[in-house]
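Colleague: I have just opened this structure and I would like to learn how to read it. Could you walk me through a few features, one at a time?

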Amino acid sequence: MDLDLTADQKLFRTTSKKFLDNEAPLTRVRELAEDAAGFDRDWWSRGAELGWAAMLVPEELGGGSVSGQGLMDLAIVAEEMGRLVTPGPLLATNAVIAGLVHAGGHEETIERLVSGEAVASWAVYEPGAGWRPDRPAVTARAKGDAYVLDGVKDRVEAAGQADLFLVTAQTDSGPLQFLVDATADGVTVVPSASLDLVRRFGEVRLEGVEIPAAAVVGSVETTPATIERQLQVAVVLQCAESTGAVDRVFEFTVQWAFDRYSFGRPLASYQALKHRFADMKTWLEACHATSGAAARAVQEGSPDAAELISVAKSYVGQRSVEIIQDCVQLHGGIGVTWEHDLHLYLRRVTVNRALYGTPEEHRRRIADILEV
Amino acid sequence: MTDQLDEMEDVESFRLRARAWLKENMPKLEDKPPLRIGEDDDVEWLRARELQKMLYAGGFAGICFPKEYGGLGLTPAHQRAFNEESEGYEMPLLLNIPTFSICAPTILDMGSEQQKRERISAAIRGDEVLVQFLSEPRGGSDLAGVITRATRDGDMWVINGAKTWSTSAYAADYGLLLARTDWDAPKHRGLTMFLVKVNQPGVTLRRIKMVNGSTEFCEEFFDNVMVPADAVVGEVNNGWAVASRQLFYERTAVGGGSPYVSGVGRPNLVTSNFDLVDLVRKTGTAEDPRVRELLGEAVAHQRVQDQLIDRVTGGITRGHLPDSASSIIRLFHAETDWKNADVGLQIAGSAAVTGVVGEDGPLRYGESYLTRQSTSLGGGSTEMARNIISERVLGMPREFAADRDVPFSQVPQGRTS
């Protein structure tokens, strides 16, 4: 958690936590694992009433946030969700909202997303390729003032639940983004397998999908900046969520070390283990520090925001999985059973590590930003 | 100025005033090569004192120290603003550790009124340099086990023993010396801290040569050194409380979080500054994706360190974290340096081990690599940091100690058979 929350933010954190504790405990997550949808739309609507899709939207478009620092408030929610491996399209929908607000227009769509009536997801990855939002293979062919989309997107979060996709596609003059209705002619959604039990993904096939001019998001000129904005929001929320997950796992693993006795003494009394806990505590604090700094930089539109989200992803992406794996080790055999909750967390951070750029991809991005 | 109203100048106005003053008065940092390791550095020390005197004359010395002891009585935010503005100017960086970031704040917390008035203000004026006489040849981590002896003799104390790892003691005027004054008390309860003049009869200094050729560290021998009773810092036999403050400030300083320093960066004495971007260019490896990845990883780690320092020092200041959390910064700092050393070696490849004679090339990354572990040893080993984090931050049970609650005279000091 950010150590310097305002009083309003602290209160907001408490109410968000309470809502999540009541509405989405881990027992519920396990139930939803058996459910094809992965999350309940009605539940998401109630989350939207708490402002989960409103915080990146200006007040004149029906949005608003607790502290006036919408992304930082949203990161608080993401972190609390990480502590409970909560389902739901928080990141997916807000990344799209961030893009729409950045590009301008689409007021009605934004309104539907803010109210929770609609769910959206950014369709950016493509089969067989890593993180390369600036070089999409999906094509957008101009037809009058409309476009025709062809190609395949994959690793689309909440694809089965999304009403709208924000599709990044290639036009003759560069990448451009389009709002595609999930029920439009030529759109086929095929569910994918996913490591996370409740965060679902899918493949979105686009075959001659006709897109009216009104569904174009921004322009070729503004698209690179809009994509960057979407990425920044996605990585901030993702790192906050992973940090929350690690924080919770570390918390119950420390407790375990105090409670579990071997050779007549608690695990917490063995120096070999104490030192590993000290390392993990250090890395966890660093995860909090860099996630928080990235959120603040993006919130404030700081010139180093692009670099700092990659710094956060480079660090949190790697350490989150390392810390949780070590917590599994410290639990002993129970740590690798289905019954123990550890794997729910390990699944979530492993998925987060891989998406919206791996730590390795973000490290290369840092080298690009430094113009080496 | 608003001084007559005794209102604190706001940070922005202070920043602007500092910017103008620096431009007008301080020499720009020249792109001079760092001293060769082991080279005579007396000139650097004289220069540091000179620069400090300039800061003092301009009213920018001792920003966070109280006015009554020669400082400005301002906040860490003022200090940060000044340090940001000071980039590109020559600063008395040599005085940052330990004089300003460790010794002076300890005296401020624990010293007598006279010690504060005399030593702190002399340091701020650029007249005196302070040093720590803590570690002994018998062991570094078990600091409270010191066996340097101070014996009362009328109004005086007589000191006998040896100290080591004192950074730049050869350039110092006064040292904070931890000595045992009660051998019947348990380890921590028989210690006293003294402020000892370095240049006086009975004190012998010897420089220690390190693996990379550096001679920055010293060891000192004390033979019947006489110090007056008013040289005691804090109370007699309560020296561990003073040493603990030093250790806290040391961890903060080593981690880069001290509010008492002037200027940022390392002094010119140290050649282990890593410029990995420069290394990538020099080695012509910029096209290699693996190299770009390594570089990004190391840069990210460095950034995270700065962010962690902000979080932890802020958390300690505002009471969200215990003082002992400064060990988190200390441990992370070592990890950052390891990362830089390792990545430097990887990127430099064979150029780290052999190169053109006399050229300051990638070979220095090989040389730095040889002293990679000094970052996890100096200022308290990372093993001790891990003990502190697990025991005092996480509250885990303390390690068994054979010397706890035992009169120190009965504690074994080596093999007995």
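Colleague: How far apart should the end C-alpha atoms of H9(A) be?

Modeller: Keep in mind that this is a predicted model. The rule is 1.5 Å a residue, so the 27 residues of H9(A) should span 39 Å. The end C-alpha atoms of H9(A) lie 38 Å apart, which agrees.

Colleague: Is H9(A) mostly covered or mostly open?

Modeller: A helix has a direction for each side chain: with 3.6 residues a turn, residues three or four places apart point the same way. In this case H9(A) is mostly covered, as 20 of its 27 residues are buried. After H9(A) comes Gly332(A), with a positive phi near 75°.

Colleague: Which residues other than glycine have a positive phi?

Modeller: Val85(A) is one of them, with a phi of about 40°. Val85(A) sits in the loop between H4 and H5 of chain A. Trp165(B) also has a positive phi, of about 60°, although it is not a glycine. Trp165(B) belongs to strand S3 (residues 156–167) of chain B.

Colleague: Why is Val85(A) called buried, and why is Trp165(B) called partly exposed?

Modeller: You count neighbours: a residue is buried if 20 or more other C-beta atoms lie within 10 Å of its own. Val85(A) has 26 other C-beta atoms within 10 Å, so Val85(A) is buried. Trp165(B) has 19 within 10 Å, so Trp165(B) is partly exposed.

Colleague: Let me try that on Phe14(B). Why does Phe14(B) count as buried?

Modeller: Phe14(B) counts as buried because it has 22 C-beta neighbours inside 10 Å. Phe14(B) is part of helix H1 (residues 11–25) of chain B. Leaving aside neighbours within four places in sequence, Phe14(B) is in contact with Glu9(B), Leu74(B), His78(B) and Ala81(B). Val131(B) is 117 residues away from Phe14(B) along the chain, and 30 Å separate their C-alpha atoms.

Colleague: And what should I look for when buried residues gather into a core?

Modeller: In soluble globular proteins, nonpolar side chains tend to be buried together. Here the largest nonpolar core has 150 residues, and Leu149(A), Phe178(A), Val236(A) and Ala294(A) have the most contacts inside it. Helix H7 (residues 223–259) of chain A gives the largest share of this core, 15 residues. Apart from this core lies another of 75 residues, including Leu51(B), Leu108(B), Leu134(B) and Leu176(B).

Colleague: Which residues does Ala294(A) touch?

Modeller: Not counting residues up to four places away in sequence, Ala294(A) touches Val235(A), Val236(A), Cys239(A), Leu308(A), Ile309(A) and Ala312(A).

Colleague: Next, domains. Where do the domains of chain A begin and end?

Modeller: The domain assignment gives domain 1 (7–119), domain 2 (121–217) and domain 3 (223–371). The centres of domain 1 and domain 3 of chain A, taken over C-alpha atoms, are 21 Å apart. Their contact takes 23 residues from domain 1 and 24 residues from domain 3. On the domain 1 side, helix H2 (26–32), helix H4 (70–83) and helix H5 (90–103) of chain A each give two or more residues. H4(A) gives the most to that side, with 10 residues. By class, the domain 1 side has 15 nonpolar, five polar and three charged residues.

Colleague: How many residues does each chain bring to the contact between chains A and B?

Modeller: The size of an interface is often given as the accessible area lost when the parts come together. Counting residues instead, the contact takes 31 from chain A and 32 from chain B. Helix H8 (271–299), helix H9 (305–331) and helix H11 (359–369) of chain A each supply at least two residues of the chain A side. H8(A) gives the most to that side, with 15 residues. The chain A side has 15 nonpolar, eight polar and eight charged residues.

Colleague: Last, why does the radius of gyration of chain B agree with a compact globule?

Modeller: You compare it with a rule based on chain length: for 417 residues, a compact globule would have a radius of gyration near 22 Å, and chain B has 22 Å, so the two agree. Buried residues make up 47% of chain B.

Note on methods: Residues numbered from 1 in each chain as written. Chains lettered and ligands numbered in written order. Predicted model: local features only at pLDDT ≥ 70, side-chain atom pairs only at ≥ 80, totals over all residues. Contact = placed C-beta atoms within 7 Å. Helix = DSSP H or I, 4+ residues; strand = E, 2+ residues; numbered from the N terminus. Nonpolar A, V, L, I, M, F, W, Y, C, P; charged D, E, K, R; others polar. Domains from an automatic or database assignment. Core = buried A, V, L, I, M, F, W, Y, C linked by C-beta atoms within 7 Å. Buried ≥ 20, exposed ≤ 12 C-beta atoms within 10 Å, placed from the backbone. Rg over C-alpha atoms; globule rule 2.2 N^0.38 Å. Expected span 1.5 Å × (residues − 1).
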